[in-house]
Amino acid sequence: MPTNVQAAETQAVGQRAWVWPAFAAPGLIWLALLFLVPFYAVIAVAMGDLDPIFLKPVPEWNPLQWDPSSFGRVLAGIFGGQLGRIAARTIVYVAVASLLCVIIGYPVAYFVARRVQKHKGLWLTGLLAPFWINYLMRMLAWVNLLGPDGWVNRFVEAIGFAPQDWLGGRHEVVILGLVYGYLPFFILPLYASLDRMDKQVLEAARDLGASPVQSFLRVTLPMSKQGILAGVVLIMLPMFGDYYTPNLLSGSPRTRMIGNQIDQFINQTSSQGGDGAALTIVLMVAIAVLMLYYLLNIQKVTKEARE
Amino acid sequence: MKAWFANPWGKPRWLRVITIAYLVWSLLPVLIAVQFSFNAGRSRSTWQGFSLRWYLDDPASVARDDSLILALQQSLRLAALTMLVATPIGVALAIGLARWRGRGARPAGFLMLVPLVTPEIVMGVALFLVFANLYDFVPFGTGTQLLGHVTFAISFVVIIVRGRLFAIGRDYEEAAMDLGASPWESLRRVLLPLLAPAIFSSFAIVFAISIDDFVISQFLAGGASSITIPVRLYSGARVAPPPSLNALASLLLLATLSAVTIAALILRKFGRQEGSGDSAAAALTRIEI
């Protein structure tokens, strides 16, 4: 049998060099064909022409013949046209909704991470549950409540006001939807960072004479800055691409976001596919900083886990 | 309780009040939506008694309205297929990336992470345009939806599995090879059994994220037969839908929660042994924390 062992060992050494890349290969090829190539297709469509007969965008695969006129139109629209107002509105919605998420989410994450002693699992389940309730179902629930004869209008009437058309294009309703939809995604990373924090530092602060308020402001809050940042980035990324929340809760052009514009260019008016592709790229470039921050964060965590 | 009435705004009380208010606000609307799926009447806001009418009997119920049946079938089929395709590819990718130390390893790891941080609309547009213009031999429908779902699911599998891989380390495999096992044998008889809980929970998580997806399913749908439940909820929500739409949403909720519960139970049973709880928690919350 010794020959067998020897053979196995030489085989093992010989295989090491390529065996692991070979394991990774199917997944990497898949991602190359269905993640990288599609991105190239977006650029090719954005840089392509319009078929004059079928009014369909024709992609231009050769970089030497790229025609950036779609980008020209989209950028001109953003700086001084209708698109600019939509972009500004998107930024305001996302900023206000993120701020509200921090204000509501911080006390909740803090309470569950620090103050809960009994039944912590139950509280955590409550925080986790919205993750696995379909986003569209959560919006549908609000459509029911905010409808003409919904519970919100009944409450409003009961306290003596006139019922409102809540779903007719109100900024505050769309922002409520965004906060409702994405707040759970903010709370969780923050909870994790508060939960991981070294309790001895807090004890030291208290031993050195800090009041509870001081120890919160000067120890806990600075130490949870990373968690807040991670949570905000995590919710801002999908919010910038959201189109279903404004569509379901308002549907009016008054509350249109960048995502709605892309959805319309791509799914509804096929002749504007080129503009849709260009706008998608502009959106990606605009939020690239957020994506990169989040990516580096994941890589850091991975590295720590590996060591 | 007495102390609370005496001074409701005393030290940590207000934190508890805010948290309870938040939980009620975040869960109650959904519970009301589920409740009205059992309404005996047509209203989604006036309770007229309990019945299964919107699940079974009414011509517009989930069991009898063709568009709702199709959506239910399509969602289940797509989630099952995605689970079966994405999990093996993701497991192999996780093993490969964790062990590979060559020059290509870093960019490969990077490529695996990018889908996790890409907004869904960007991925939806990209996949739509590539299937419309380059891969036009795949007609829009279940095929394109499956390819799209697997693309975003692979990264989740890698995240779940590699957490466990890091925890296991390489000692067991090397011991097996020192004892004469070929690399293939050590993989099959040592590593894969150790990875089993992570693999099974990956199946469940992928099922859940696939059945839950809306954006990719919508961009890659092709006609009535490939409408999934979330797409159906989206198109039906604004046009005064009957409670059967609530019933369909409740069934979706049931499917997702069952899958996640299974994943959580598996991870709870096995996860503690090797300390991979962190990545399991991250997987359950769909994020890397």
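Biologist: How many residues does each chain put into the contact between chain A and chain B?

Modeller: The size of an interface is often given as the accessible area lost when the parts come together. Here, counted by residues, chain B gives 76 and chain A gives 82; two residues are in contact if their C-beta atoms, placed from the backbone, lie within 7 Å. This is a predicted model, in which local features need pLDDT of at least 70, side-chain atom pairs count only at pLDDT 80 or more, and totals for chains, interfaces and linings use all residues. Residues are numbered from 1 along each chain as its sequence is written, with chains lettered from A and ligands numbered from 1 in the order in which they are written.

Biologist: Which helix gives the most to the side of chain B that touches chain A?

Modeller: α2(B), with 13 residues. Helices are DSSP runs (H or I, at least four residues), numbered from the N terminus.

Biologist: How do I read a pair of packed helices?

Modeller: Two packed helices are described by the angle between their axes and the distance between the axes. In chain A, the axes of α7 (residues 171–196) and α10 (residues 225–240) come within 8 Å and cross at roughly 150 degrees. Axes are lines fitted to C-alpha atoms over the stretch in contact, and angles run from 0 to 180 degrees between N-to-C directions. α7(A) and α10(A) are therefore roughly antiparallel (over 145 degrees).

Biologist: How far is chain A to be trusted?

Modeller: Its pLDDT, the predictor's confidence in each residue from 0 to 100, averages 86, and 93% of the residues score at least 70. Over residues 6–14 of chain A, pLDDT stays under 50, and the model has six contacts beyond four places in sequence for them.

Note on methods
Helices (H or I, at least four residues) and strands (E, at least two) are DSSP runs, numbered from the N terminus. Angles under 35 degrees count as roughly parallel, over 145 as roughly antiparallel, 65 to 115 as roughly perpendicular and the rest as oblique.
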